[in-house]
Amino acid sequence: MPNIGLRGIQIGGHIINNLRYADDIVLIAENAKDLKRLLDIVREESQKRGLQLNSKKTIIMVVSWKETPPNINIYINDTKLQQGDQFKYLGALISSDGRDTSEISSRIAQSKTVFKQMKNILTNLHMSNETRKKVLECYIKPILMYGCETWISKQTQGRLEATEMWFLRRMMRIP
């Protein structure tokens with residue numbers, strides 16, 4: 001996408017106004033006017049290549065620390081775009097409040113679900129503790145920790161440690 005003086009966010013001295021992976025695109029703008037301009041460019045460039053922007057699958061989101069983020073109205077082809085409060089991008093949950101609470105809760109829930117699916121293996125007292133811990137490290141912990149490089153608070157660390165203790169207590173059959 002051509003960058004014709006469009007703003008975004010500055011990271012490492014570079015202006016970033018879009019993230020792309022395959023056919024998933026995240027556009028980043030400081031305000032509704034800039035976002036509309038970015039969307040128009042994506043739509044125009046897509047049309048030049050015989051592609052069409054699907055307004056039903058396009059969601060806009062305002063990231064704001066305010067309790068209620070501002071409502072913005074952006075239209076493409078006379079269709080108002082839906083405004084969401086969170087979306088998944090490359091497996092990570094991004095929320096409009098800019099916090100990681102929803103993502104961490106989602107990761108904990110997903111890892112506990114897989115733990116319960118593997119309960120027969122992980123709580124099998126005939127297997128050594130070492131083997132069961134390796135299974136936990138290989139199959140459960142990656143689900144829990146995906147994207148953790150962006151989680152930095154002590155509260156988050158406490159929640160993750162509590163979840164690991166939950167796994168270990170169940171593995172050892174300690175109530």
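At 17% relative accessibility, Ser 55 counts as buried, where buried means under 20% relative accessible area, exposed over 50% and partly exposed in between, with a 1.4 Å probe and protein chains only. This is a predicted model, in which local features need pLDDT of at least 70 and side-chain atom pairs count only at pLDDT 80 or more, while totals for chains, interfaces and linings use all residues. Residues are numbered from 1 along each chain as its sequence is written, and side-chain values rest on heavy atoms, with hydrogens and water left out.

Ser 55 sits in the loop between α1 (32-48) and β5 (59-60); helices (H or I, at least four residues) and strands (E, at least two) are DSSP runs, numbered from the N terminus. Setting aside residues up to four places away in sequence, Ser 55 touches Ile 76, Thr 79 and Leu 81, contact being heavy atoms within 4.5 Å. A second buried serine, Ser 111, belongs to helix α2 and comes out at 0% relative accessibility. Beyond its neighbours within four places in sequence, Ser 111 is in contact with Ile 140, Ile 143, Leu 144, Thr 163 and Phe 167.

Two of those contacts, Ile 140 and Leu 144, turn up again among the buried residues of α4, together with Arg 132, Val 135 and Leu 136. An α-helix has 3.6 residues a turn, so residues three or four places apart point the same way. The buried residues of α4 pack against α2, α3 (119-122) and α5. Helix α4 (residues 129-145) is not straight: a kink of about 40° is centred on Glu 137, the bend at a residue being the angle between axes fitted to the seven residues ending there and the seven starting there. Just after α4, Gly 147 takes a positive phi of about 80°. Tyr 146 is found in the loop between α4 and α5 and is partly exposed, with a relative accessible area of 40%. From Tyr 146 to Leu 35 the C-alpha to C-alpha distance is 29 Å, with the two positions 111 residues apart in sequence terms.

On to the aromatic side chains. A search of the whole structure turns up three aromatic pairs; rings of Phe, Tyr and Trp (its six-membered ring) pair if their centres lie within 6.5 Å, and planes under 30 degrees apart count as stacked, over 60 as edge-to-face and the rest as tilted. One of the pairs is Phe 115 with Phe 167, whose ring centres are 5.1 Å apart with planes at 20°, so the pair is stacked. Phe 115 lies in helix α2 and Phe 167 in helix α5, so this pair ties together parts that are 52 residues apart in sequence. Both Phe 115 and Phe 167 are buried. Phe 167 also pairs with Trp 166: here the centres are 5.6 Å apart and the planes at 75°, so the pair is edge-to-face. Trp 166 is buried at a relative accessible area of 13%, and the value for Phe 167 is 2%. Phe 115, Trp 166 and Phe 167 make up one aromatic cluster.

Phe 167 shows up once more in the account of internal space. On a 1 Å grid over the protein atoms alone, a cavity is a set of points where a 1.4 Å probe fits but cannot get out, and a pocket is an open set with protein on both sides within 12 Å along at least five of seven lines; lining residues have an atom within 4 Å of a point. Grid points are joined across faces, edges and corners, and a volume is the space filled by probe spheres set on the points. By this rule there is one cavity of 30 Å³ or more, with a volume of about 40 Å³. Its lining consists of Leu 136, Glu 137, Ile 140, Lys 141, Leu 144, Glu 164 and Phe 167. The elements giving two or more residues to this lining are α4 and α5, and α4 has the largest share, five residues. By type, the lining of the largest cavity has four nonpolar, no polar and three charged residues (Ala, Val, Leu, Ile, Met, Phe, Trp, Tyr, Cys and Pro count as nonpolar, Asp, Glu, Lys and Arg as charged, and the others, Gly among them, as polar).

As for open space, the second largest pocket has a volume of about 160 Å³. Among the residues lining this pocket are Trp 65, Arg 99, Asp 100, Ser 153 and Arg 159. Two elements, α2 (101-117) and α5 (154-171), each give two or more residues to the lining, with α5 giving the most, three residues. The lining of the second largest pocket divides into two nonpolar, five polar and three charged residues.
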